[in-house]
Structures are given as C-alpha cells and as structure tokens.
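Hi,

Here's the structure I promised to pass along. Have a look at it first, and my notes follow underneath.

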Amino acid sequence: MADLTLDEITVLPNGMSCSLPADSPLAKLLKSQRTWVGPSARQRLGILRRAKSIAIVGASPNAARSSYFVGTYLMSSSDYRVYFVNPNADTILGQKAYPDLASLPEIPDIVDVFRKSSDIPSVIDDVLAVGATTVWLQLGIWNEDAARVGQSKGLTVVMDRCIKIEHARFNGGLHLLGFDTGVISSRKAAR
C-alpha cells in the first residue's frame, strides 16, 4: 500500500476507500456523478410483490451467462411466469424463447434487461410499445437519459440492480451484503 500514489486511492460513495488504478473502468464509474435516483428498497419490494410475470430481454441459452443463472433462479425460487427474449435462440431452460417483447403471450409486469447501456433507449421504446410498466436493468447497466425518458412516459425504472439478488434479499435468502444466509425459518416469506 505504501507504493500507491494518491491518484490510485478511490473514495467510494459510502465514504470508505480502496486502491484502484485511477484509469480503470471501475474507478471511472465510481467517480461519475449519477444524479438519477430510482425506486427505494421499499418500492422495489413492492414492484416484486405485485409482479406476476417477468420477461428477460437479452436472455442467453449459455449456462455461463448471468441471464441464464437469473432465469434459473426465477423459475425455481419464485412464482413468476418467466419469459425469455432472444431473437437468436429457440429455447432457453427448456422454454420457448421469443424474438421480441411484442411476441410474448402477455404483457410482462417487469422487463428485466441484460443488454449493454447503449441499447437501453431502444429497449425502453420496446417496453413502452408493448405496455409494460417496469423496466429493470441488471447490475452494471446504467443509462440515465433513457431512464428519464422512460420515467417521463410513466415507466418505473430500476437500474444497476440484480433482480435475483433483490428477490433473494427480500425473501430472506441473502444477507444485505449478498451472502447466502442459510436461514431456515417458519416465518412467512415476503412475497
């Protein structure tokens, strides 16, 4: 640590600091000034409680991809009807994959997005076109301009949060820090 220069110490939003190369993508992200504020934890819980269906845009049939893991979790650990949207796949996790949101058999309550930030404006347009009410951008996906457009048109927008982590946290499966609690309880789950 004595070899680090002052430029390589990054102060996190919570006031703690860590050593990162000043030009690393993570350091740049942490230094960026995010001004948009999405739904609070209580509001996110409400979104998840009210939802009955989730469409995963950018879902992958590759078991090594995070969208596959999230789909597996949602299908096995929730009561949601889960739809996979990928124009290049026929099936994902044994279910039909749809080429776009307009092809789904119902309007999803939540559209969970695994696409790069620059694709978000077109995804927001698609979400608005089908009449969905909530768009949920996964960890690392952030596009304030698109979020503001969506929000101005009545969408609820959640950015840079994993729906699997949030669901598990609200239902007792995760500690606030993201660890599996291993808690077995007779207490009724939040959902």
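**Helix 3 against helix 6**

The axes of helix 3 (residues 66-77) and helix 6 (residues 163-170) come within 9 Å, crossing at roughly 35°. Helix 3 passes helix 6 in a left-handed crossing. On the helix 3 side, the contact is made by Phe69, Val70, Tyr73, Leu74 and Ser77, and helix 6 brings Ile163, Lys164, His167 and Ala168. By type, the residues of this contact divide into 6 nonpolar, 2 polar and 1 charged. Before you read on, keep in mind that this is a predicted model.

**The sheet**

Next, the strands. There's an open sheet of 7 strands in the order 5-6-4-3-7-8-9, and its pairing is mixed. Which strands stand at the edges? Those are strand 5 (91-92) and strand 9 (156-158); each has a single partner strand, so one side of each is left without a neighbour in the sheet.

**Strand 3 and its neighbours**

Strand 3 (residues 53-57) is worth a look in your viewer. Is strand 3 mostly covered or mostly uncovered? Mostly covered: 5 of its 5 residues are buried. That goes for both faces, with Ser53, Ala55 and Val57 on one side and Ile54 and Ile56 on the other.

On one hand you have strand 4 (residues 81-85), which pairs with strand 3 in the parallel sense over 5 bridges. If you want a spot to zoom in on, the bridge partner of Ala55 in strand 4 is Tyr83. To get from strand 3 to strand 4, the chain goes through helix 3, and this β-α-β crossover is right-handed. That's the helix 3 from the top of this email, the one in contact with helix 6.

Then there's strand 7 (residues 110-113), also parallel to strand 3, with 4 bridges between them. Here Val57 has Val113 as its bridge partner, while Ile56 stands opposite Asp112.

**Just past strand 7**

One last residue: Lys116 sits in the loop between strand 7 and helix 4 (120-130). Is Lys116 buried or exposed? Its relative accessible area is 54%, and the cut-off for exposed is over 50%, so Lys116 counts as exposed. Along the chain, Lys116 and Trp142 are 26 residues apart, yet their C-alpha atoms are separated by 8.6 Å.

That's what I have for now. Shout if you have questions.

Cheers

Terms used: Residues are numbered from 1 along each chain as its sequence is written. This is a predicted model: local features need pLDDT of at least 70, side-chain atom pairs count only at pLDDT 80 or more; totals for chains, interfaces and linings use all residues. Side-chain values use heavy atoms; hydrogens and water are left out. Buried means under 20% relative accessible area, exposed over 50%, partly exposed in between (1.4 Å probe, protein chains only). Helices (H or I, at least four residues) and strands (E, at least two) are DSSP runs, numbered from the N terminus. Two strands pair if DSSP finds at least two bridges between them. A crossover is right-handed if, with the strands pointing away from the viewer, the path from the first strand over the helix to the second runs clockwise. Axes are lines fitted to C-alpha atoms, for helices over the stretch in contact, and angles run from 0 to 180 degrees between N-to-C directions. A crossing is left-handed if the near helix is turned anticlockwise from the far one by less than a right angle, and right-handed if clockwise. Contact means heavy atoms within 4.5 Å. Ala, Val, Leu, Ile, Met, Phe, Trp, Tyr, Cys and Pro count as nonpolar, Asp, Glu, Lys and Arg as charged, and the others, Gly among them, as polar.
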